[in-house]
Amino acid sequence: MNKNDSHIYVIFGASGDLTKRKLVPALYALFVQDLLPEKFALLGVSRSEFTDDAFRTSMESAISEFKEIDDNSHIQEFVKKIYYQSIQFNDASTYLLLKQRIDKLRKDEKIGGNTVFYLSTPPSLYGIIPQHLAYVGLNSQDDGWKRLIIEKPFGYDLESALILKDQLLKDWQEEQLFRIDHYLGKETVQNLLVTRFSNGIFEPLWNRNYIHHVEITSAESIGVEKRGGYYETSGALRDMVQNHLLQVAAITAMESPSSLEPVAIRNEILKVFQSFRPIKKVDVKTNTIRGQYLSSTIKDETIAGYRQEEGVNPKSITETYAAIKFYIDNWRWGGVPFYIRTGKRLPTRVTEVVIHFKPTPHFLFASGPVCSSCNQLVIRIQPDEGVLMKFGMKTPGAGFEVQTVNMDFHYSDLTHQRIPSAYERLIYDSMKGDSTLFARTEEVIEAWKFLSPVINCWKDEKDVPLYGYPAGTWGPETADDLIEDKEMTWRYPCKNLSDDGIYCEL
Ligand code: BG6
């Protein structure tokens with residue numbers, strides 16, 4: 001970013017958790033690395049009443065507590081750039097106050113008209129705040145750029161997403177909108193692009209001729225914690241699949257862009273979204289699985305079931321586990337199944353993409369284990385970020401016994417490199433106006449269209465089972481049957497990239 005590209009960064013929902021845990025620590029990390037413009041101010045906006053000083057103090061402790069960078073020596077200098085304004089989100093008149101405050105800040109700090117508005121508020125306000133900002137002219141780019149960053153979820157279903165889209169596009173232009181999907185900000189998700197498009201060895205194999213199926217897992221060991229209220233309106237499908245995991249699938253499947261220009265990359269991603277084969281209502285039962293965690297005992301500790309969590313209806317049918325099988329109907333992927341699974345209260349926290357290559361056409365070494373998925377490329381998104389290749393080798397000794405061995409790269413080997421957090425990367429990109437790693441309206445709408453039949457069936461059809469699974473297990477056992485080939489199951493990953501199976505450190 002140009003150091004002279006001065007601007008005001010306005011965060012709505014400034015008294016909330018995200019601001020404290022992620023946004024302000026990420027902004028501080030940028031400041032320490034000298035990546036903020038010379039003239040910069042951060043304006044926190046919320047309903048709560050704070051003085052500038054009280055807000056600064058609370059951000060000061062947040063930066064130390066949710067450390068993004070190992071250097072506390074600039075905190076005092078940084079917090080001087082922080083200000084606070086209380087408003088009532090639904091009250092149009094307070095936006096005039098906000099405008100006056102912004103104008104004053106611009107004047108006092110000699111900052112031009114460039115402004116980022118970050119909506120870190122409940123989603124019900126995503127339509128209202130931008131509309132009010134526009135009423136007082138804060139969307140106008142006459143005196144400098146204006147950008148609007150929106151957290152997920154973008155809508156609750158297809159219908160509400162379309163309504164929100166129309167509301168936003170009434171006053172804002174598409175290029176002003178930055179929809180955050182923090183998975184796209186993860187270094188290892190971006191590395192998927194580099195792995196694919198900077199290595200000649202993968203490209204020839206990256207298609208239906210050599211790939212048997214693709215598996216994407218995002219497991220979490222935590223439950224819904226204090227977010228039961230939100231989760232009840234969401235569930236695993238909306239919370240993780242509709243956004244993060246379909247984006248990961250699209251990057252895994254996309255064609256090479258013609259350049260690294262945002263529009264070129266986003267066009268290729270969009271084409272994948274448009275090629276998802278619609279899941280027919282009759283197929284929902286066979287191609288999707290939903291589950292909900294039950295109380296269990298893990299390491300002598302009793303873990304509450306989902307229905308016992310705070311803010312959750314004791315009869316809730318919200319899924320905390322979702323698995324789907326789907327196809328991408330294009331030349332590269334015709335006939336290759338993609339599997340996505342995600343869940344809370346699974347044995348460990350891990351996100352990875354596994355490319356399962358087809359077996360050799362003939363099992364020459366029949367004395368070894370006949371393996372239909374010996375060759376796997378595992379791209380680990382977190383933790384123990386890295387890449388693992390699994391392939392068959394001769395077991396030393398008589399005969400031709402074959403065993404599967406590993407070849408692995410761990411990001412931790414690049415110890416001199418600090419990996420920036422997803423928010424740090426995305427906030428920086430939003431300041432530069434680089435929208436590559438933000439979801440475009442059409443992608444979001446396509447994702448809702450694709451999942452609509454599943455959402456509707458799960459809601460309406462009483463006969464799509466909701467399986468219970470004990471907290472700390474890999475979800476409903478029946479999920480193994482989703483992978484049709486009898487020889488195959490999901491990969492059961494461990495914390496360490498190179499391990500798998502049931503006996504490993506979780
Ligand atoms: C969020 C979901 O978008 O992503 C959470 O709302 C989930 O429920 C989180 O825990 C997972 O993110 P990460 O980066 O920890 O994998």
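## Helices packed on α13

In this predicted model, α6 goes past α13 with a left-handed crossing (left-handed means the near helix is turned anticlockwise from the far one by less than a right angle, right-handed means clockwise). The element names come from DSSP runs (H or I of at least four residues for helices, E of at least two for strands, numbered from the N terminus). The axes of α6 and α13 sit 9 Å apart and make an angle of about 165° (axes are lines fitted to C-alpha atoms, for helices over the stretch in contact, with angles from 0 to 180 degrees between N-to-C directions). That is why α6 counts as roughly antiparallel to α13 (under 35 degrees is roughly parallel, over 145 roughly antiparallel, 65 to 115 roughly perpendicular, and the rest oblique).

Now for α10, which spans residues 262-275. How far apart are the axes of α10 and α13? The distance is 9 Å, and the packing angle is about 15°. So α10 ends up roughly parallel to α13. Like the α6 case, the crossing of α10 and α13 is left-handed.

Then there's α9 (residues 235-253). The axes of α9 and α13, a helix covering residues 441-460, come within 10 Å and cross at roughly 140°. The pair is therefore oblique, and α9 and α13 cross in the right-handed sense.

## Around the ligand

Helix α9 turns up again here: with three residues, α9 gives the most to the shell around the ligand. The full set of surrounding residues is Lys152, His182, Tyr183, Lys186, Glu220, Arg227, Asp239, Met240, His244, Lys344, Arg349 and Gln382 (each has a heavy atom within 4 Å of the ligand).

Which side chains make polar contacts with oxygen atoms of the ligand? Glu220 is one of them, with a polar side-chain atom 2.5 Å from a ligand oxygen (a polar contact is an N or O pair within 3.5 Å). Asp239 also puts a polar side-chain atom 2.5 Å from an oxygen of the ligand. For His244, a side-chain N or O atom is 2.7 Å from a ligand oxygen. On its own the ligand has 390 Å² of accessible area, and the protein covers 83% of that (Shrake-Rupley method, 1.4 Å probe).

## Backbone oddities

Most residues other than glycine have a negative phi, and most peptide bonds are trans. Here are some exceptions. Lys152, one of the residues around the ligand, is joined to Pro153 by a cis peptide bond with omega at about 5°. Pro153 sits in the loop from β5 (146-150) to α6 (158-171). Gln382, also in the ligand's surroundings, has a cis bond to Pro383, this time with omega at about -15°. Pro383 belongs to the loop between β14 (376-382) and β15 (386-394).

Where do the positive phi values turn up? Asp34, not a glycine, has phi at about 60°; you'll find Asp34 in the loop linking α1 (17-32) to β2 (40-46). Glu225 is another non-glycine with a positive phi, near 50°, and its loop runs between β7 (211-219) and α8 (228-232).

## How to read the numbers

Residues are numbered from 1 along each chain as its sequence is written, and side-chain values use heavy atoms, leaving out hydrogens and water. Since the model is predicted, local features need pLDDT of at least 70 and side-chain atom pairs count only at pLDDT 80 or more, while totals for chains, interfaces and linings use all residues.

Methods: A polar contact is a pair of N or O atoms within 3.5 Å; within protein, one must be able to donate a hydrogen and the other to accept it, and residues adjacent in sequence count only if both atoms are side-chain atoms.
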